[in-house]
Amino acid sequence: MGDPGDRRWYRDAFGPVCAAFWTALIPDERVADEARFLAGVLAAPAGARLLDVPCGAGRQARALGRLGFVVDGVDITAAMLAAGGGAVAGVTLRQGDLTALDARDTPDSEARYGGAYCWGNSFGYVSDEESRAFLRAVARALQPGARFVLDAAAVAENVLAAFQPRTELERDGFRFLAERRYDLAASTMQIHYRIERAGDVDEFDARQAVYTAAELLRMARDAGFAVESLHGGIAGEPAAHGRPLIAVFRRERR
């Protein structure tokens with residue numbers, strides 16, 4: 001298994017087969033439930049502008065658009081942006097890197113967004129310094145008191161409770177393989193992915209930082225957030241050992 005030494009591995013990793021697999025893996029009903037959960041915990045007023053970063057295929061963004069929000073989605077991968085479906089009024093998706101949110105997302109004069117979220121366990125793809133910078137950029141983009149939701153299934157309390165070195169499955173014509181190695185010195189998972197459908201293959205090496213819940217909360221506080229609530233799922237599950245972490249933060253009024 002290769003080692004993803006390039007800290008920008010995610011820029012070229014997610015090809016069309018991978019994008020189609022991840023999109024097909026989550027049913028529309030689940031996406032709609034996630035959007036309703038996000039709308040509830042963000043507690044943004046009707047018609048508020050939200051930031052979805054990285055947005056992947058933009059499925060949650062579209063679902064929130066159908067609920068009446070204006071949503072700006074940003075993702076680095078063209079294949080993911082093309083995989084999510086048709087246009088929805090009020091929803092804009094564009095290509096961009098979470099490590100370089102530009103002036104449209106982090107204006108100096110006036111905060112733009114009434115809420116933001118990072119969904120789909122993509123936090124931790126980059127270095128610690130870049131993750132901290134990302135949180136600061138999101139905080140700058142939010143209006144004072146607005147909320148930010150961070151979906152962190154790879155939190156240490158969840159990953160290490162049932163670490164799986166290898167996962168294989170076949171579904172809807174896809175063959176999926178993930179081989180994982182935990183790097184103790186770096187607190188990261190090194191993951192080799194292979195996704196195949198009808199002879200087409202996407203194969204790449206990934207790096208996923210594994211933070212404890214306490215580390216994530218400290219990073220968020222350092223970026224200007226206060227903790228609003230912690231969840232272990234979208235159906236009311238409390239945050240707990242062996243569950244993913246969904247953290248809801250509030251931009252402090254500084």
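**Internal cavities, an open pocket and the central sheet**

The second largest cavity is lined by Leu98, Cys118, Ser122, Phe123, Gly124, Tyr125, Val126, Ser131 and Phe134. In this predicted model, that cavity has a volume of about 40 Å³. Its lining comprises six nonpolar and three polar residues, with no charged residue.

A search of the whole structure returned two cavities of 30 Å³ or more. The largest cavity has a volume of about 60 Å³. Its lining is formed by Asn121, Phe123, Asp151, Ala152, Ala154, Val155, Gln208, Ala209, Tyr211 and Leu216. Strands E5 and E9 (200-209) are the elements that contribute two or more residues to this lining. By class, the lining of the largest cavity divides into seven nonpolar residues, two polar residues and one charged residue. Phe123 belongs to the lining of the largest cavity and also to that of the second largest cavity.

Open space was examined as well. The second largest pocket holds about 260 Å³ of space. It is lined by 17 residues, of which Asp128, Ala186, Ser187, Tyr211 and Glu215 are the closest to its centre. At least two lining residues come from each of H6, E9 and H8, and the greatest contribution is that of H8, with four residues. Eight charged, five nonpolar and four polar residues make up the lining of this pocket. Tyr211, one of the residues closest to the pocket centre, also lines the largest cavity.

The strands of the model include an open sheet of seven members, arranged in the order E3-E2-E1-E4-E5-E11-E10 with mixed pairing. Strand E3 (91-95) and strand E10 (225-231) form the edges, each pairing on one side only. Direction ignored, neighbouring strands of the sheet are turned against each other by 20° on average. Strand E2 (residues 70-75) pairs with E3 in the parallel sense over five bridges, and Asp75 stands opposite Gln95 of E3.

Two helices that supply residues to the pocket lining also pack on the sheet. Helix H6 (residues 128-141) touches strand E1 (49-52), strand E4 (113-118), strand E5 (142-152), E10 and strand E11 (245-251). The direction of H6 makes about 140° with that of E5. Helix H8 (residues 213-222) packs on the sheet through contacts with E5, E10 and E11, and its direction makes about 150° with that of E10.

Terms used:
Residues are numbered from 1 along each chain as its sequence is written. This is a predicted model: local features need pLDDT of at least 70, side-chain atom pairs count only at pLDDT 80 or more; totals for chains, interfaces and linings use all residues. Side-chain values use heavy atoms; hydrogens and water are left out. Two strands pair if DSSP finds at least two bridges between them. Axes are lines fitted to C-alpha atoms, for helices over the stretch in contact, and angles run from 0 to 180 degrees between N-to-C directions. Contact means heavy atoms within 4.5 Å. On a 1 Å grid over the protein atoms alone, a cavity is a set of points where a 1.4 Å probe fits but cannot get out, and a pocket is an open set with protein on both sides within 12 Å along at least five of seven lines; lining residues have an atom within 4 Å of a point. Grid points are joined across faces, edges and corners, and a volume is the space filled by probe spheres set on the points. Ala, Val, Leu, Ile, Met, Phe, Trp, Tyr, Cys and Pro count as nonpolar, Asp, Glu, Lys and Arg as charged, and the others, Gly among them, as polar.
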